[in-house]
Amino acid sequence: MGVLVFMASLLLSVLIVAASRRSVPGRDPARTYRGCVLASGGLTTSVWWLPSLDHGIPPRYALLAVAGAFLGGVLTTTTVVGLVEDNAPPPVGVRERILRHHASRCLVYPREPRMKRALDVTVALIGLVVTLPLWLVIACLIWLEEPGPILFTKNAVGKGGITFRQFKFRSMTYEAERLTGPVASPAGDPRMLRCGRWLRRWHLDELPELLNVLGGTMSLVGPRPLRAVLVDRYLEKLPEFADRHTVRPGIACIAQIQQYHISPADRLRKDRVYLRRMSVGFDVWLLWHAVVTTVRGPRPEGEAALTEPVTPTEGADNVISC
C-alpha cells in the first residue's frame, strides 16, 4: 500500500506540473513547481485519508505521499534543466594551456602514503551512509527555495593539471554566472540562496565531494582544488603554483583550516608544507582540525601558520577563497 501511495503521488505531481506549464506558460516556474508538489501531496493524502476516517491513516502514508510528490517535482525539473548544473565550464584552450604549463615544469610527484587511499575510501563510504538523510533534507531545501538542479559542478584543476568535475550542493541561483563568468562570491552576495548561506557556513555544500573521493579525483586531505580559469591566471603570474598539483586535491587542507581568504602565494606556502609532511597521521590530524574549525568558525587573520618561503611574482597577491 505504501508503494502505491508513493507512486500515485509521484505520477500526479508530474501530471499537474505538465498541465500547469501548458496552461499558464508565463507564470513563475518556481512557484508553479512548488504549488504542484503541494497539491499532489495533499490530494494523494486526502484520497487515502478520507476512506480511513474511522480507522485513521498511518502517518507514514502521508510522508510517502509528500515524498512521492517531491520526487515527481524533481524529476520534472530535471527534464528541463538537469539534476547537476555544469557551472561556467572553462574553454578548451584554458585546459590545454594548464596541461602544457604542468608538462613544461618537470614536476616531481611525491609517493602517496600506502594507507592514504584506504583511509579515503573508508571514510568516504562511512560518510555517505551516515549523511544520507542529511542529503535528502538539503535537496528538499534547495529545490523548494528554487526548483532546479540540486548539485552543481565546479570545473577544478586536479593532479597533474587535469581538469575534473568537483561536485557540490548548489548554493546559488541557477545560472548565477551565466552573464559574469566565474567570479568570487562576496559577503551578502544577492545570488546566494537563503539555504545556501547556511550550507556554506557549515560546509555542508561540500558533502558531494565524497563522490569525488570515491572516484579517485580527490582525497580527504590535500590542496583545495581551484577553478581552472583561476589556476590559469595564477600560473601566468606564479609559475610555481603548479607544485600544488603534484598530489590529488582534498576536501580539507592547511589553508582552509587556518584562513579562508588567502592569496595564491600564501596558499602555495601552506600546500608545500602539506607536501613535505604528507602522511596518514597528518591527514587524520588535519581532518580533526577541519571539523573543529567548521564548528567554531575560521581562525582570525594573523594567527600563527605553518609556512615555508616562496617568492611571489608580481600580481600574485589576489585574494582567493577556499
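A cavity is, on a 1 Å grid over the protein atoms alone, a set of points where a 1.4 Å probe fits but cannot get out, and its lining residues have an atom within 4 Å of a point. Grid points are joined across faces, edges and corners, and a volume is the space filled by probe spheres set on the points.

The model used in these exercises is predicted, so that local features need pLDDT of at least 70 and side-chain atom pairs count only at pLDDT 80 or more, while totals for chains, interfaces and linings use all residues. Residues are numbered from 1 along each chain as its sequence is written, and side-chain values use heavy atoms, with hydrogens and water left out.

**Exercise 1. Describe the cavities of the structure.**

Step one is the search of the whole structure, which finds three cavities of 30 Å³ or more. Step two is the volume: the largest cavity holds about 90 Å³ of space. Step three is the lining of the largest cavity, to which Glu85, Asn87, Phe152, Arg170 and Arg200, among others, belong.

**Exercise 2. Compare the annotated transmembrane regions with the model.**

An unreviewed UniProt entry places the feature "transmembrane region" at residues 31-50, 62-84 and 121-144; the positions are in the numbering used here, feature names are shortened, and annotations may be inferred rather than shown by experiment. Helices (H or I, at least four residues) and strands (E, at least two) are DSSP runs, numbered from the N terminus. Residues 62-84 are 87% helix and 4% strand, with end C-alpha atoms 29 Å apart. Residues 121-144, in turn, are 100% helix and 0% strand, and their end C-alpha atoms lie 32 Å apart.

**Exercise 3. Follow the salt bridges of Arg248, and state how accessible each partner is.**

A salt bridge is a side-chain nitrogen of Lys or Arg within 4 Å of a carboxyl oxygen of Asp or Glu, and by this rule the count comes to twelve. Begin with Glu112, which forms a salt bridge with Arg248, the closest N and O atoms being 2.7 Å apart. This pair links distant parts of the chain, since Glu112 lies in the loop between helix H4 (92-104) and H5, while Arg248 lies in the loop between helix H8 (228-237) and strand E5 (250-252), 136 residues apart.

Next, Asp120 and Arg248 meet in a salt bridge of 3.5 Å, N to O. Asp120 lies in helix H5 and Arg248 in the loop between H8 and E5, so this pair ties together parts that are 128 residues apart in sequence.

For accessibility, buried means under 20% relative accessible area, exposed over 50%, and partly exposed in between (1.4 Å probe, protein chains only). Arg248, at 11%, is therefore buried; Asp120, at 0%, is likewise buried; and Glu112, at 32%, is partly exposed.

**Exercise 4. Examine the salt bridge within helix H10.**

The side chains of Arg269 and Asp266 meet in a salt bridge at 2.0 Å, N to O. Both residues lie in helix H10 (residues 264-277), three residues apart, about one turn of the helix. Asp266 counts as partly exposed because its relative accessibility is 30%.

**Exercise 5. Which residues other than glycine have a positive phi?**

One of them is Cys106, with a phi of about 55°; Cys106 is found in the loop between H4 and H5 and counts as exposed at 66% relative accessibility. Another is His203, whose phi is near 60°; His203 sits in the loop between helix H6 (194-201) and helix H7 (209-215) and, at 23% relative accessibility, counts as partly exposed.

Note on methods:
1 Å grid on protein atoms, 1.4 Å probe; cavity = no way out; pocket = protein on both sides within 12 Å on 5 of 7 lines; lining within 4 Å.
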